[in-house]
Amino acid sequence: MTPDVIRLGVVGLGVISRFYLAAIASSPSFELAAVCDPDERATAGHRVPVYRSHRAMLDAGGVDAVVVTAPNDVHAGVASDAIACGLPVCVEKPLATTLRDGLAVAEAARTREVALFTAFHRRYNANVLALRDKLTGGPPIAELTVRYLERIEEHVGRDRWYLDPARSGGGCVADNGPNALDLVRMFLGELTLESVRITRTAGVDRHAVLHVRGTGPAVVELDWSHPGETKDVTVRLTDGTVLRGDMLAGFDEFKGSLWHEYTGVLHDFGRAVALGPAWRDGGLAALDLVDEAYRREGA
């Protein structure tokens, strides 16, 4: 039985955590019950129990669900430990840095009959949703393009692990790829990878172009060396009409769109907790495409 208010333990207090914490603070369905981070600077000032390891937090009890917003390379391990305790888990994308680990986490959640939720925050962007609404009842999509372009150093703060391919999973394909691919999946359904081109610097993929196909063709462009920030979805319809959803339009604050997007993430995680093992999302589908992109690029 789902409790009236879900007590959340948040593992990882890096650059993305503040958006979760704000969403939790404003939610009638969740309350912050514990935080965990090995860095004492990150946990300073919190008025809930503070832990240096997620295992200590889990052993202490007092949480009904867990949010994992730690570095990518520990997503699978933290999620697996929480699931072993019978707790539903919200994991920041990517679900894991390898497909094998992602499949193992998903199997553990099925076995323990708890929800495994992957947080794709861009699917809750108001401008993306407005674009999707405009397409309802109109001509089919002839072609779709998602651009996810930024200078990564401007976005990571102290979280320099993004620039370590072993920790991020590789670079822009592993980290931003899942968000972009999930958006394509929203519009075109299940996807297959047709081609990929990746450019690396110091072992980190800094630019990539992926061609995928669902009910129609799509191009995903990813860039970690882009001056400024461009994140949008462009759709060309079969009648020639071109429509665009700019994820950043109307949000003047740096990362300003993330506040409402993570409110959407938390709302849907509440749905996932209620559904338990019946919950399904695109976490594994995105990870499978990322895995194939790296394998095909290296072939």
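Two strands count as paired if DSSP finds at least two bridges between them. The exercises below apply this to a predicted model.

**Exercise 1. The parallel sheet**

Task: Give the strand order of the open sheet with parallel pairing, name its edge strands, and describe how S5 is joined to S6.

Solution.
- Step 1. The sheet is open and has six strands, in the order S3-S2-S1-S4-S5-S6, with parallel pairing.
- Step 2. Strand S3 (50–51) and S6 are the edge strands, each pairing on one side only.
- Step 3. Strand S5 covers residues 89–92, and four bridges join S5 to S6. The cut-off for a pair is at least two bridges. The two strands run parallel.
- Step 4. For one position along this pair, take Val91, which stands opposite Thr118 in S6.

**Exercise 2. Helices on the parallel sheet**

Task: State which strands H1 and H4 lie across, and at what angles they run.

Solution.
- Step 1. Helix H1 (residues 17–25) lies across strand S1 (6–11), strand S2 (30–36), strand S4 (65–68), S5 and S6. The direction of H1 makes about 145° with S2.
- Step 2. H4 lies across S1, S4, S5 and S6. Relative to S5, H4 runs at about 175°.

**Exercise 3. The mixed sheet**

Task: Find the order of the open sheet with mixed pairing, and explain why S8 and S12 each have one side without a neighbour in the sheet.

Solution.
- Step 1. Six strands make up this open sheet, in the order S8-S9-S10-S7-S11-S12, and the pairing is mixed.
- Step 2. S8 and strand S12 (242–246) stand at the edges with a single partner strand each, so one side of each has no neighbour in the sheet.
- Step 3. From one strand to the next, the twist averages 15°.
- Step 4. S11 and S12 run antiparallel and are joined by five bridges. Within this pair, Thr234 has Arg244 in S12 as its bridge partner.
- Step 5. Helix H6 (residues 126–135) packs on the sheet and touches S7, S11 and S12, its direction making about 155° with that of S12.
- Step 6. Helix H9 (residues 177–188) lies across S7, S9, strand S10 (217–223) and S11, and runs at about 160° to S7.

**Exercise 4. The contact of H1 with H10**

Task: Describe the packing of H1 and H10 by angle, axis distance, handedness and residue class.

Solution.
- Step 1. Two packed helices are described by the angle between their axes and the distance between the axes.
- Step 2. For H1 and H10, the angle is about 65° and the axes are 8 Å apart.
- Step 3. The crossing of H1 past H10 is right-handed.
- Step 4. On the H1 side, the residues in contact are Arg18, Phe19, Tyr20, Ala22, Ala23 and Ile24. They meet Leu258, Trp259, Tyr262, Thr263, Val265 and Leu266 in H10.
- Step 5. Sorted by class, the contact has 10 nonpolar, one polar and one charged residues.

**Exercise 5. Two backbone details**

Task: Locate the cis peptide bond from Lys93 to Pro94, and the positive phi of Ala202.

Solution.
- Step 1. The bond from Lys93 to Pro94 is cis, with omega near -5°. Pro94 is in the loop between S5 and H5.
- Step 2. Ala202 is a residue other than glycine with a positive phi, near 55°. Ala202 sits in the loop between strand S8 (192–201) and strand S9 (204–213).

**Exercise 6. The two largest pockets**

Task: Give the volume and lining of the largest pocket and of the second largest pocket.

Solution.
- Step 1. The largest pocket holds about 870 Å³ of space. It is lined by 45 residues, and those closest to its centre are Gly14, Val15, Thr69, Asp159 and Trp161.
- Step 2. Helix H2 (40–43), helix H4 (75–84), strand S7 (141–151), strand S11 (225–237) and helix H10 (258–275) each supply at least two residues of this lining. By class, the lining of the largest pocket has 18 nonpolar, 12 polar and 15 charged residues.
- Step 3. The volume of the second largest pocket is about 210 Å³. Among its 15 lining residues, the closest to the centre are Ala106, Arg110, Leu116, Trp279 and Arg280.
- Step 4. Two or more residues of the lining of the second largest pocket come from each of helix H5 (99–112), strand S6 (116–119) and helix H11 (283–298). H5 gives the most, with three residues.
- Step 5. The lining of the second largest pocket divides into nine nonpolar, three polar and three charged residues.

Conventions. Residues numbered from 1 in each chain as written. Predicted model: local features only at pLDDT ≥ 70, side-chain atom pairs only at ≥ 80, totals over all residues. Heavy atoms only, no water. 1 Å grid on protein atoms, 1.4 Å probe; cavity = no way out; pocket = protein on both sides within 12 Å on 5 of 7 lines; lining within 4 Å. Points joined across faces, edges and corners; volume = space filled by probe spheres on them. Nonpolar A, V, L, I, M, F, W, Y, C, P; charged D, E, K, R; others polar. Contact = heavy atoms within 4.5 Å. Axes fitted to C-alpha atoms, helices over the stretch in contact; angles between N-to-C directions. Left-handed = near helix turned anticlockwise from the far one by under 90°.
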